[in-house]
Amino acid sequence: NVAKTYNQKEEILLEKKAGILLDQGLTPTRPINPVGINGENIFADTTVLTLNDSAGIIMKKRSRLVLDNESSLVLKEDSRISLERKTKIIISDSSRLIIHPGAMITGNGKIIHSGNASLDMPQNSIKVKVKSRRN
């Protein structure tokens, strides 16, 4: 069981050592305006995971949330992500983490991003270590 709805809230519990990968889908979803990714024309939108108001993700020990190939993670107002020890949010390529005012990422895990990743957030919205890595 990788993830499940927890209680009656809109909350995902990412189990110990489990992972979620947000990546570019390759199944065509539109007939025009392809997106160029890694030299290929892809007729699909990039992947976006949006945590609506008051929604959340609880990441258990050693779990991972990976954003790849221009994927985005958006935290709306009052949404939250809680990171237990040794958990990671990894933002690679030109993927994006967007945190609206009032949203929060807390805990003992880390956010690791490449130099091409985009972090758009208020200064006080992240209460975890943020580490940059070179591609």
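A residue is taken as buried under 20% relative accessible area, as exposed over 50%, and as partly exposed in between. With a relative accessible area of 27%, Arg-80 therefore falls in the partly exposed class. The structure examined here is a predicted model, and the same classes help in reading its salt bridges, its core and one buried serine.

It is convenient to start with the sheets. Strands of a sheet pair through backbone hydrogen bonds, either parallel or antiparallel. In this model, four strands form an open sheet in the order β6-β9-β12-β14, and their pairing is parallel. Its edges are β6, covering residues 48-51, and β14, covering 118-120, each of which pairs on one side only. From one strand to the next, the twist averages 5 degrees. At the β6 edge, four bridges connect β6 in the parallel sense with β9, residues 72-75, and here Val-48 stands opposite Ser-72.

Parallel pairing is also found around β8. Strand β3, made up of residues 19-22, runs parallel to β8 and is joined to β8 by four bridges. A further four bridges pair β8 with β11, again in the parallel sense. Val-66 offers a handy reference point in this region: this β8 residue has Leu-21 opposite it, and Val-66 also stands opposite Ile-90 in β11.

Attention now turns to the interior. The largest nonpolar core has 23 residues, and those touching the most other members are Leu-75, Ile-81, Ile-89, Leu-97 and Ile-105. Many strands contribute to this core: β7, β8, β9, β10, β11, β12, β13 and β15 each supply at least two residues. Ile-105 gives a good view of the packing. Residues up to four places away in sequence aside, the contacts of Ile-105 include Leu-75, Ile-81, Ile-89 and Leu-97. Ile-105 also touches Ser-125, Ile-126, Lys-127 and Val-128.

A polar residue deserves a look as well. Ser-92 sits in the loop between β11 and β12, yet its relative accessibility is 10%, so Ser-92 counts as buried. The side chain of Ser-92 makes a polar contact of 3.1 Å with that of Asp-68. Beyond its neighbours within four places in sequence, Ser-92 is in contact with Leu-67, Asp-68, Ser-114 and Arg-133.

Finally, three salt bridges are present in the structure. In one of them, the side chains of Glu-11 and Arg-80 meet at 3.0 Å, N to O. This pair links distant parts of the chain, as Glu-11 belongs to strand β2 and Arg-80 to strand β10, 69 residues apart. The two partners fall into separate accessibility classes: Glu-11 is buried at 7%, whereas Arg-80 is partly exposed at 27%.

Another salt bridge joins Asp-45 to Arg-30, with the closest N and O atoms 2.0 Å apart. Both residues lie in loops, Asp-45 between β5 and β6 and Arg-30 between β3 and β4, at a separation of 15 residues. Asp-45 counts as exposed at 52% relative accessibility, while Arg-30 is partly exposed at 21%.

Glu-84 and Lys-60 also form a salt bridge, with an N to O distance of 3.1 Å between their side chains. Glu-84 is found in the loop between β10 and β11 and Lys-60 in the loop between β7 and β8, so this pair ties together parts that are 24 residues apart in sequence. Glu-84 is partly exposed at 28%, and Lys-60 is likewise partly exposed at 29%.

Technical notes: Residues numbered from 1 in each chain as written. Predicted model: local features only at pLDDT ≥ 70, side-chain atom pairs only at ≥ 80, totals over all residues. Heavy atoms only, no water. Pairing = 2+ DSSP bridges. Axes fitted to C-alpha atoms, helices over the stretch in contact; angles between N-to-C directions. Core = buried A, V, L, I, M, F, W, Y, C linked by side-chain atoms within 4.5 Å. Buried < 20%, exposed > 50% of the residue type's maximum accessible area, 1.4 Å probe, protein only. Contact = heavy atoms within 4.5 Å. Polar contact = N/O pair within 3.5 Å; in protein donor to acceptor, adjacent residues only side chain to side chain. Salt bridge = Lys/Arg side-chain N within 4 Å of Asp/Glu carboxyl O.
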